[in-house]
Amino acid sequence: MNSIQEFIEKVKEAMSLDQFSKLTLSKPRYKSNGLQNIFIRIVDLKGNQKLSFNYRHLTKDLTKNFELEEGLAELESQLTEKFKHATLLTSQATWQMMINKKGNVTIIESQATGSTKPSTHNKEKKKRAPLDAPYLYELGITNSKGELIPKMADKYRQINKYLEIMDHQMEAHVKKMALKLVDMGSGKGYLTFALYDFLQNGKGLDVTITGIELRQELVDFCNEKANKCGFEKLHFINQRIEEFQEDDIDILIALHACDTATDDALAKAIVAKSDLIVCAPCCHKQVRQQVKGKSQESPLLKYGIFQERHFEMVTDTIRALILEQHGYQSKVFEFVSNEHTRKNIMLIGSKSNQTKPNEASQKIAALKKEYHIDFQYLEQLI
């Protein structure tokens with residue numbers, strides 16, 4: 001006879017065979033408490049697998065992580081007392097459990113969907129921002145059913161690309177388990193929230209992230225959403241980048257901090273001796289305004305649009321070389337495709353003892369001489 005316990009045995013079996021993908025509880029018995037769904041997935045925290053429960057209410061989301069046995073007990077309690085429908089996705093099959101008004105239980109097996117994969121296999125292809133993550137719903141990227149909102153597809157793609165980059169860079173250059181991160185110019189917080197959830201819940205690291213943002217309404221919005229998601233060590237403050245005084249920064253992030261705010265952020269990171277610097281430069285006005293009216297020898301600089309783009313490259317090259325002057329290996333590459341935005345450059349600096357500061361200084365001097373540049377703003381900050 002079908003029973004709740006039989007369904008839980010199916011869950012245990014999927015977990016033991018490493019076939020578990022996702023479990024969703026729906027159709028609440030009582031609507032008075034506002035709990036709509038529970039999304040359950042396996043997460044790896046500091047080398048230990050746990051069951052992560054995302055409780056989706058009408059007005060808030062809560063996430064709790066349980067030891068496997070505790071999680072199974074919580075699952076049984078929820079099915080016995082609060083929910084009438086459960087869907088278990090595995091790599092081999094889809095199992096649905098339904099409870100009717102008389103309390104009779106029906107369990108139905110169907111073929112696995114083509115996209116269903118085991119939760120712990122094929123990690124390189126797995127999305128680092130799972131669609132059932134509560135912050136995606138709070139930030140308007142998914143709907144209440146954990147489905148991607150079509151107009152947010154580009155943003156979701158950008159989030160996963162960003163997490164992929166950060167994952168690789170941290171694996172290569174950051175060895176600490178407890179980390180302090182600062183995101184300068186955090187905006188609405190899409191990437192900030194994603195990174196916190198990925199590092200804290202996905203990688204099992206002990207991270208504290210501070211978002212620096214000048215617009216008070218966005219600071220209030222992000223703090224409210226962080227509280228709803230239960231992100232206790234993610235907070236946002238209203239402050240200018242140049243006024244931020246914290247020197248204990250393991251990783252500094254500055255994505256599209258406008259104009260010289262990029263240089264202010266890079267200077268903070270260099271002074272703090274951050275292990276990793278991740279920057280997407282924006283609005284390269286300082287050098288362009290400085291060379292305005294000066295005769296340039298290169299025919300490439302005859303036309304305004306080419307001159308603008310050329311001096312963006314010159315500015316970012318000098319920034320990368322200044323990082324090398326101060327003991328960082330630097331790299332510059334495309335962040336997202338040009339079809340989404342032209343502001344798609346990522347500049348990364350990682351602490352290294354293999355840099356050549358004197359050589360970098362010579363290259364900076366040569367560039368400034370060639371283009372009649374008196375100074376680049378970052379030089380004056382450090």
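This tour moves through a predicted model, from a group of parallel strands to a pocket, several salt bridges and a cavity.

**Strand S9**

Begin by selecting residues 206-213, which form strand S9. Six of these eight residues are buried, so the rest of the structure largely encloses the strand. Next, add residues 178-184, strand S8, which runs parallel to S9 and is joined to it by seven bridges. To see one point of contact, display Leu-181 and, opposite it in S9, Ile-209. Then follow the chain out of S8: it passes through helix H5, residues 190-202, before entering S9, and this β-α-β crossover is right-handed.

On to strand S10, residues 234-238: its pairing with S9 is also parallel and comprises five bridges. Here the residues to display are Ile-212 and its bridge partner in S10, Ile-237. The connection from S9 to S10 goes through helix H6, residues 216-228, and this β-α-β crossover is right-handed. When viewing the side chains of these strands, recall that in a regular strand they alternate between the two faces of the sheet.

**Helix H5**

Return now to H5. How many of its 13 residues are buried? The count is eleven, so this helix is largely enclosed by the rest of the structure. Among the buried residues are Tyr-190, Phe-193, Tyr-196, Asp-197 and Asn-201. A helical turn takes 3.6 residues, so residues three or four places apart point the same way. Just past the end of H5, select Gly-204, where phi is positive at about 75 degrees.

**The second largest pocket**

The next stop is the second largest pocket, with a volume of about 540 Å³. Its lining consists of 26 residues; to find the centre, select Gly-185, Ser-186, Gly-187, Glu-213 and Leu-255, the closest of them to that point. Several elements each supply at least two lining residues: helix H4 (153-173), H5, S9, strand S11 (251-258) and helix H7 (261-272). Which element gives the most to this lining? Strand S11 does, with four residues. Colouring the lining by class will show ten nonpolar, eight polar and eight charged residues.

**Salt bridges**

The structure contains 20 salt bridges, and three of them are visited individually here.

For the first stop, select Asp-132 and Arg-41, whose closest N and O atoms are 3.6 Å apart. Asp-132 belongs to the loop between strand S7 (105-111) and helix H3 (134-138), and Arg-41 to strand S2 (residues 35-45), so the pair ties together parts 91 residues apart in sequence. Buried residues have under 20% relative accessible area. Asp-132 therefore counts as buried at 5% relative accessibility, and Arg-41 counts as buried at 17%.

Proceed to Glu-67 and Lys-50, whose side chains meet in a salt bridge with an N to O distance of 2.5 Å. Glu-67 is found in the loop between strand S4 (61-66) and helix H2 (68-81), while Lys-50 is in strand S3 (residues 48-57), so this contact ties together parts that are 17 residues apart in sequence. Is each partner buried or partly exposed? Glu-67 is partly exposed, with a relative accessibility of 39%, whereas Lys-50 is buried at 17%.

The third stop returns to S9. Select Asp-206 and Lys-233, which form a salt bridge with the closest N and O atoms 2.7 Å apart. Asp-206 is in strand S9 and Lys-233 in the loop between H6 and S10, so that distant parts of the chain, 27 residues apart, are linked. Both partners are partly exposed: Lys-233 has a relative accessible area of 35%, and Asp-206 has a relative accessibility of 28%. Beyond this pair, select Arg-128, Asp-167, Glu-171 and Lys-203 together; salt bridges with shared partners join these residues into one network.

**The second largest cavity**

Rolling a probe the size of a water molecule over the atoms shows where empty space is left. A search of the whole structure gives two cavities of 30 Å³ or more. End the tour at the second largest cavity, which has a volume of about 30 Å³. Select Pro-28, Tyr-30, Asn-33, Leu-35 and Lys-82 to display its lining. By class, these comprise three nonpolar residues, one polar and one charged.

Conventions: Residues numbered from 1 in each chain as written. Predicted model: local features only at pLDDT ≥ 70, side-chain atom pairs only at ≥ 80, totals over all residues. Heavy atoms only, no water. Buried < 20%, exposed > 50% of the residue type's maximum accessible area, 1.4 Å probe, protein only. Pairing = 2+ DSSP bridges. Right-handed = clockwise from strand over helix to strand, strands pointing away. 1 Å grid on protein atoms, 1.4 Å probe; cavity = no way out; pocket = protein on both sides within 12 Å on 5 of 7 lines; lining within 4 Å. Points joined across faces, edges and corners; volume = space filled by probe spheres on them. Nonpolar A, V, L, I, M, F, W, Y, C, P; charged D, E, K, R; others polar. Salt bridge = Lys/Arg side-chain N within 4 Å of Asp/Glu carboxyl O.
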